[in-house]
Amino acid sequence: MSLDTPTAMPSSAAAAEPLDSLTAVFRRVLELDEVAADANFFLLGGDSLIATRVLSAVARAHGVELTFEDFLTDPTPAGLAARIAAATDATATTGATAGTGTATTTVPAAR
């Protein structure tokens with residue numbers, strides 16, 4: 001099984017429990033047995049390349065496209081879950097499709 005392949009989880013369960021989903025993603029991509037809700041991704045050994053995998057998993061599981069800046073600001077499962085909840089609440093309020101109108105951050109390639 002690829003580390004990028006999410007474990008089987010119904011999409012409704014993933015949407016209902018973003019914190020559980022995010023801790024599972026952190027465990028999978030960092031290859032750790034346990035991750036606390038307030039654990040800093042980068043202090044656990046994560047890097048920017050692995051962070052993009054987390055962001056991709058968030059978009060697939062929750063229909064919310066967080067930016068890399070969002071990730072840097074809140075690099076914990078609890079922080080990212082709060083951002084997902086806020087985006088989901090905003091979507092429900094406006095009736096817009098989740099993930100639309102979000103800003104993206106472009107990271108220049110290393111030379």
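Student: What makes the length of helix α3, residues 48-62, agree with its number of residues?

Tutor: This is a predicted model, and every value discussed here is computed from it. Helix α3 has 15 residues, and the distance from its first C-alpha to its last is 21 Å. The expected span takes 1.5 Å for each residue after subtracting one from the number of residues. For α3 that expectation is 21 Å, and the helix is close to it.

Student: Why does the span of α2 agree with expectation?

Tutor: Helix α2 has 13 residues, which at 1.5 Å a residue should span 18 Å; its end C-alpha atoms lie 18 Å apart, and therefore the two values agree.

Student: Which residues of α3 are called buried?

Tutor: The term requires a relative accessible area under 20%. In α3, the residues that meet it are Ile50, Ala51, Val54, Leu55, Ala57, Val58 and His62. They cover an arc of only 160° around the axis, so they lie on the same side of α3.

Student: Why is valine 54 placed in the buried class?

Tutor: Valine 54 belongs to helix α3. Its relative accessible area is 0%, and the cut-off is under 20%; therefore valine 54 is buried. Leaving aside residues up to four places away in sequence, valine 54 touches Leu22, Val25, Phe26, Val29, Phe41, Phe71 and Leu80. The C-alpha atoms of valine 54 and valine 29 are separated by 7.5 Å, although these residues are 25 apart along the chain.

Student: What makes aspartate 47 a cap of α3?

Tutor: A side-chain oxygen of aspartate 47 lies 3.0 Å from the backbone nitrogen of leucine 49. A polar contact needs a pair of N or O atoms within 3.5 Å. The distance of 3.0 Å satisfies that limit, so aspartate 47 caps the N-terminal end of α3. Just after α3, glycine 63 takes a positive phi of about 70°.

Student: How is the packing of α2 and α3 described, and what is the handedness of their crossing?

Tutor: Two packed helices are described by the angle between their axes and the distance between those axes. For α2 and α3 the angle is about 145° and the axes are 10 Å apart. Their crossing is right-handed. On the α2 side, the contact is made by Pro18, Ser21, Leu22, Val25, Phe26, Arg28, Val29 and Leu30. On the α3 side, the contributors are Ile50, Arg53, Val54, Ala57, Val58, Ala61 and His62.

Student: Which residues of α2 are buried?

Tutor: In α2 the buried residues are Pro18, Ser21, Leu22, Thr23, Val25, Phe26, Arg28, Val29 and Leu30.

Student: Why does threonine 23 count as buried?

Tutor: Threonine 23 lies in helix α2, residues 18-30. It has 10% relative accessibility, and the limit is under 20%; threonine 23 therefore counts as buried. Beyond residues up to four places away in sequence, threonine 23 touches Val35, Ala37 and Pro77.

Student: What is noted about the phi of glutamate 31?

Tutor: Most residues other than glycine have a negative phi. Glutamate 31 has a phi near 55°, a positive value in a residue other than glycine. Glutamate 31 comes just after α2, in the loop between α2 and α3.

Student: Is glutamate 31 buried or exposed, and why?

Tutor: The relative accessible area of glutamate 31 is 58%, and exposed means over 50%; therefore glutamate 31 is exposed.

Student: Why are glutamate 17, glutamate 65 and alanine 82 called partly exposed?

Tutor: The class lies between the limits of 20% and 50%. The relative accessible area is 42% for glutamate 17, 44% for glutamate 65 and 46% for alanine 82, so each residue is partly exposed.

Student: Where are glutamate 17, glutamate 65 and alanine 82 found?

Tutor: Glutamate 17 is in the loop between α1 (11-16) and α2. Its C-alpha atom is 8.6 Å from that of alanine 81, 64 residues apart along the chain. Glutamate 65 is in the loop between α3 and α4 (68-73). The C-alpha atoms of glutamate 65 and isoleucine 84, 19 residues apart along the chain, are separated by 8.7 Å. Alanine 82 is in helix α5, residues 77-94. Its C-alpha atom lies 8.4 Å from that of proline 18, 64 residues apart along the chain.

Student: What is the secondary structure of the chain?

Tutor: The chain has five helices and zero strands. Along the sequence the pattern is α-α-α-α-α. Of its 111 residues, 32% count as buried.

Terms used: Residues numbered from 1 in each chain as written. Predicted model: local features only at pLDDT ≥ 70, side-chain atom pairs only at ≥ 80, totals over all residues. Heavy atoms only, no water. Helix = DSSP H or I, 4+ residues; strand = E, 2+ residues; numbered from the N terminus. Buried < 20%, exposed > 50% of the residue type's maximum accessible area, 1.4 Å probe, protein only. Arc of directions from axis to C-beta. Polar contact = N/O pair within 3.5 Å; in protein donor to acceptor, adjacent residues only side chain to side chain. Contact = heavy atoms within 4.5 Å. Axes fitted to C-alpha atoms, helices over the stretch in contact; angles between N-to-C directions. Left-handed = near helix turned anticlockwise from the far one by under 90°.
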